[in-house]
Amino acid sequence: MALQSMTGFAREARENELAAIAWELRSVNGRGLEARLRLPSGFERLEQPAKARIQQRFARGNIQASLSVMRGDTLRRPVVDEAFLVELAELSKRLEEQHGVAPARADGLLALRGVLEVPEANADEESRARLDELALASLDAALDALVEARLQEGAALKPVILGQIEKISALTERAEADPSRQPERIRERLSEQVKLLRESAPGFDEQRLHQEAALLAAKADIREELDRLKTHVEAARSLIEAGGPVGRKLDFLAQEFNREANTLCSKSNAAGITTIGLELKVVVDQLREQVQNLE
């Protein structure tokens, strides 16, 4: 399976003699899957089947789906609630006189919900069924286009993320090969530290001094962190190659990378390792930004 971004846009329009229908779909990042629909009056019945179709195709992302319907002449019988319109006009007039607000325009009043309606009763059962069929077929095509848009974005993200994984791998190898980790260099540092302690406090117990130095050396060892970084690198590569909705897992791995980078810096007793740890944190932050775009 390919990687899929959570970002995308699609539009699909279809028509018959009853109506011209258009769907616009916008998808952005989200922790889970959330579908928000904007349906014209009289089409609320499509909300559940539309959401079901969205849930079948996507695992994550905030998806906004807007349906617009332009009725054909056979169903274009608008009804105006004139009493309600007059009441709104009088309210607008009072607001203008008492508070100096701008006067209301006729098109603004007619756009308010409940003033101008196209009652569903104007369409018989057969017409409603054909409208629903047209709307859902158009939605299916729009969802297919949105899937393709998100796949294209995911394909563009894949080399970027793999490049960041490779940087993490290279930094891990640099840390492992750093001269400060060579046994002779470690012995030199310990000898210097022991010498300084003996000179500053001659009364220190010799055996205890060496025990403490050995303990400090063990605490500063970064072998476990390097091994975990390598394991996480391989896990990330496998997830990316497997594809599908792996964004959450990669985000978790990014947190693990960051944890190991922090530990690397805190354990470091050499400038080279500290520099590598800081570089690692920068790359991990960049990685996390990118994987949060993935489904």
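1. Start with a salt bridge, meaning a side-chain nitrogen of Lys or Arg within 4 Å of a carboxyl oxygen of Asp or Glu. Aspartate 140 and arginine 57 form one through their side chains, at 3.8 Å from N to O. Aspartate 140 belongs to helix H4 and arginine 57 to helix H1 (residues 47-57), so the pair ties together parts that are 83 residues apart in sequence. Aspartate 140 has 23% relative accessibility and counts as partly exposed. Arginine 57, at 27%, is also partly exposed. The scale is this: buried is under 20% relative accessible area, exposed is over 50%, and partly exposed is in between (1.4 Å probe, protein chains only).

2. A word on the basis. This is a predicted model, in which local features need pLDDT of at least 70 and side-chain atom pairs count only at pLDDT 80 or more, while totals for chains, interfaces and linings use all residues. Residues are numbered from 1 along each chain as its sequence is written, and side-chain values use heavy atoms, with hydrogens and water left out.

3. Now the overall layout. The chain has nine helices and six strands. These are DSSP runs numbered from the N terminus: helices are H or I with at least four residues, strands are E with at least two. The chain has 295 residues, and 36% of them count as buried. About 16900 Å² is exposed, with carbon and sulfur atoms supplying 52% of that area. Such areas come from the Shrake-Rupley method with a 1.4 Å probe; for residues, only the protein chains shown count as cover.

4. How far apart in sequence are the touching residues? Take the contacts in the chain with a separation of 6 or more: residues 24 or more positions apart account for 79% of them. A contact here means heavy atoms within 4.5 Å.

5. Next, the inside. A nonpolar core is a set of buried Ala, Val, Leu, Ile, Met, Phe, Trp, Tyr and Cys residues joined through side-chain atoms within 4.5 Å. In soluble globular proteins, nonpolar side chains tend to be buried together. The largest core in this model has 30 residues. Those with the most contacts inside it are Ile161, Ile165, Ile168, Leu250, Phe257, Leu280 and Leu287. At least two residues each come from helix H4 (125-177), helix H7 (223-242), helix H8 (247-267) and helix H9 (271-291). H9 gives the most, with seven residues.

6. Look at leucine 287 in that core. Leaving out residues up to four places away in sequence, leucine 287 touches Ile161, Gln164, Ile165, Ile168, Ala254 and Phe257. Apart from this core lies another, of 26 residues. Its members include Ala10, Leu18, Leu37 and Leu139.

7. Back to charges. Side chains of opposite charge can pair when their charged atoms come close. The model has 25 salt bridges by the rule above. One of them joins arginine 36 and glutamate 34, at 3.0 Å from N to O. Glutamate 34 is partly exposed, at 34% relative accessibility.

8. Helix H7 holds a further pair. Glutamate 225 forms a salt bridge with arginine 228, and their closest N and O atoms are 3.2 Å apart. Both residues lie in H7, three residues apart, about one turn of the helix. Is glutamate 225 buried or exposed? Glutamate 225 is buried, at 3% relative accessibility. Arginine 228 is partly exposed, at 32%. The two also belong to a network of salt bridges that links Glu224, Glu225, Arg228, Glu260 and Lys267.

9. Check two polar residues in helix H4. Threonine 172 is found there, and its relative accessible area of 2% makes it buried. Beyond residues up to four places away in sequence, threonine 172 touches Leu226, Leu229 and Lys230. Serine 127 is in H4 as well. Serine 127 is buried, at 13% relative accessibility. Its C-alpha atom is 7.5 Å from that of leucine 18, although the two are 109 residues apart along the chain.

10. Finish with isoleucine 63, in strand S4 (residues 61-71). Isoleucine 63 is buried, with a relative accessible area of 0%. Not counting residues up to four places away in sequence, its contacts include Arg26, Leu33, Ile54, Phe58 and Leu146. Isoleucine 63 and phenylalanine 9 are 54 residues apart along the chain, with their C-alpha atoms separated by 9.5 Å.
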